[in-house]
Amino acid sequence: MKSRNLIIGGALSALFVAAALISFAWTPFDVTQMNIPAKLQTPNSTHWLGTDHFGRDIFSMIMVGARTSIAVALVAVGIGMGVGVPLGLAAAARQGSLLDEVIMRGNDLVFAFPSLVIAILITAVFGPGAVNAIIAIGIFNIPVFARLTRGAALPLWQREFIMAARVAGKGASRISLEHILPNVTNLLIVQVTIQFSLGILAEAGLSYVGLGAQPPLPSWGRMLADAQTMVSFAPHLALIPGGAIILTVLGLNLMGDGLRDLLDPRIRVERT
Amino acid sequence: MLRYSLKRLLSLVISLIIASLVIFLVIEVAPGDPASFMLGINAQEDTLNALREELGLNQSKLERYLSWTSGMLQGDFGTSYTYRTPVAQMVADRLWVSLPLALYALALSTMIAFPAGIYAASRRGAPGDVAVMGATQLGVAIPNFWFAMMLVLIFAINLRWFSAGGFPGWDEGLFAGLKALTLPAIALALPQAAILARVMRSSLLDILNEDFIRTARAKGLSRRQALWRHALRNALIPVLTIIGLQFSFLLAGSIIIEQVFYLPGLGRLVFQSISQRDLIVVESVVMLLVFAVIMVNFIVDLAYAFVDPRLRSRT
């Protein structure tokens, strides 16, 4: 049951990552090429997932859209981890200090700005775009990783092997890097899959309202925005990109569940 | 409790000050001059200056920040650059749509999640539990704006039970208003209900493994009796925290859903303001949303400390 989650989730995620990677080299049709006579076709042998209102091939757009979604979510998670994990480690190493207090209160503050609100602020100032969407989602990810790392690192600092490292003369930053970080990695891997799926959803939402990826860059969220006025006579325009988002997020969530079961020794013990 | 409350209150005030500073500074670096935007590129320099003077744009940054924040404390959010009407009035009008929508969605989410979570926990491992967990897994993965489009397709276009969008206003009666908000509220509630049902289930399962439940069972209570009489009340603490946090997500999330249903709420106001570069409106709406999130977190913290005395002593 548990490994089934990992297998199904991993397969679904791999499918979309593969589609994104292949799209760099090959797509069935050029995504920017319009073909008005072939517009609004339902799935058929030439256009496997049909065509949109400009006659563009939806299968090709889904492939390139996967690239946009995955790239935005991946970089945003990278920002969240790259900044959040060191902050969390530093806060845990100096628990109760001014640094800890400043980091945690700063995190509380960032939490008060949902990613959509950050995106609105950034867009109001710098205009919409994929890069601004990445920054908005990335900033929102920072406190998630900082809190998780701090929470997991705090009990470790009381353990004997850390005391032994301190007696051996290692400093706080070296202990954090060499002993704490490897012990919180499992937890971080699981969180990465969760934040990655949230990032895909956030990117779709931002693109849908016009704050994310801009034309001609295909994006699942904008495909849905375009489909909105045509959903009554061409429902496949909404069903296909929506299905792509749902399957990707579902795959990542299942993979996260599977990984957690696999990597968390307590659950492993319970199962045996 | 008093000491804890005061400490949290101080933290709340500091958070609000820093948040207002961040929002003000971000909007400050925005390129473009609101006065020339309002009057167009052909405006005379002295007319521009007069307008800048009127809007307070000639003051120093510090003076403008202080006048913005002190104005907000008195309910004065400034004047819209585009419509020349008080921002507070515009925001208040839109809040009559966004706030009921968020509350409606919260009520729906709770009404779906509670029975689902309790049902799943009481039948752990059984087909019913697996089905509920499968449904929540799907619920978390569905983008709410896509779900909204599907609701419109089925219930507005095909079945014609609801209108596909728009809001008649509360003047048309409570029923008409609630009917217009029903599909948007369902769309907003779905992912939140899925999250809440999962939290409810896992919280109940944790409590069901506690010693006092074992004692209750040993005294002769059935698993169901132990769940309803003892476990549920204890499992509610984390669930209530999540409900509090969800409210702020629903308020922010309604921004996107309002776009799907063309609802005249805060979301549409903010997007119109962005396209018209009416930054003072953007600034005020963002501050209001952040204020709502910080306030809800504050209330949740206090409520949590009220029911769980261990938290008070920890700080």
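What follows is a working chat about a predicted model with chains A and B.

Reader: Before anything else, what kind of model is this, and how do the numbers and letters work?

Author: This is a predicted model, in which local features need pLDDT of at least 70, side-chain atom pairs count only at pLDDT 80 or more, and totals for chains, interfaces and linings use all residues. Residues are numbered from 1 along each chain as its sequence is written, while chains are lettered from A and ligands numbered from 1 in the order in which they are written.

Reader: OK. What is the secondary structure of chain A?

Author: Chain A has ten helices and zero strands. Helices (H or I, at least four residues) and strands (E, at least two) are DSSP runs, numbered from the N terminus.

Reader: And chain B, how many helices and strands?

Author: Chain B has 13 helices and zero strands.

Reader: What are the dimensions of each?

Author: The C-alpha atoms of chain A fill a box of roughly 75 × 50 × 30 Å along the principal axes. For chain B the C-alpha trace spans about 85 × 60 × 35 Å along its principal axes.

Reader: How much of each chain is buried?

Author: In chain A, 49% of the 272 residues count as buried. In chain B, buried residues make up 35% of the 315 residues. A residue is buried if 20 or more other C-beta atoms lie within 10 Å of its own, exposed if 12 or fewer, and partly exposed in between, with C-beta atoms placed from the backbone.

Reader: Now the contact between the chains. How many residues does each one put in?

Author: Chain A gives 30 residues and chain B gives 35 residues. Two residues are in contact if their C-beta atoms, placed from the backbone, lie within 7 Å.

Reader: Which helices of chain A supply that side?

Author: α3 (98–111), α4 (115–126), α7 (172–208) and α9 (236–263) of chain A each supply at least two residues of the side that touches chain B. By class, that side of chain A has 22 nonpolar, six polar and two charged residues. Ala, Val, Leu, Ile, Met, Phe, Trp, Tyr, Cys and Pro count as nonpolar, Asp, Glu, Lys and Arg as charged, and the others, Gly among them, as polar.

Reader: Switching to α1 of chain B. Which of its residues are buried?

Author: S15(B), A19(B) and I23(B) are buried in α1(B). An α-helix has 3.6 residues a turn, so residues three or four places apart point the same way.

Reader: What covers them?

Author: The cover on the buried residues of α1(B) includes α3 and α4 of chain A, together with α12 (279–307) of chain B.

Reader: And how far does that helix reach?

Author: Helix α1 (residues 2–28) of chain B has 27 residues and reaches 39 Å from its first C-alpha to its last, close to the 39 Å expected. The expected span is 1.5 Å times one less than the number of residues.

Reader: Where does α5 of chain B bend?

Author: α5(B) bends by about 40° at L95(B). The bend at a residue is the angle between axes fitted to the seven residues ending there and the seven starting there. Helix α5 (residues 87–122) of chain B reaches 50 Å from its first C-alpha to its last, close to the 52 Å expected.

Reader: Which residues touch the most others in the largest nonpolar core?

Author: Of its 160 residues, V117(A), I120(A), A133(A), A148(B), V286(B) and V290(B) touch the most other members. Helix α2 (residues 58–93) of chain A gives the most to this core, with 19 residues. A nonpolar core is a set of buried Ala, Val, Leu, Ile, Met, Phe, Trp, Tyr and Cys residues joined through C-beta atoms within 7 Å.

Reader: What does A133(A) touch?

Author: Not counting residues up to four places away in sequence, A133(A) touches V72(A), A119(A), E203(A), L206(A), L211(A), G212(A) and A213(A).

Reader: Backbone oddities next. Where is the cis peptide bond?

Author: The cis peptide bond joins P215(A) and P216(A), with omega about 5°. P216(A) lies in the loop between α7 and α8 (220–227) of chain A.

Reader: What is phi at R160(B)?

Author: Phi of R160(B) is near 60°, a positive value in a residue other than glycine. R160(B) is in the loop between α7 (144–158) and α8 (174–208) of chain B.

Reader: Why does R160(B) count as exposed?

Author: Because R160(B) has 9 C-beta neighbours inside 10 Å.

Reader: What about Y262(B)?

Author: Y262(B) has a positive phi of about 50° although it is not a glycine. Y262(B) sits in the loop between α10 (223–261) and α11 (266–275) of chain B, and counts as partly exposed because it has 13 C-beta neighbours inside 10 Å.
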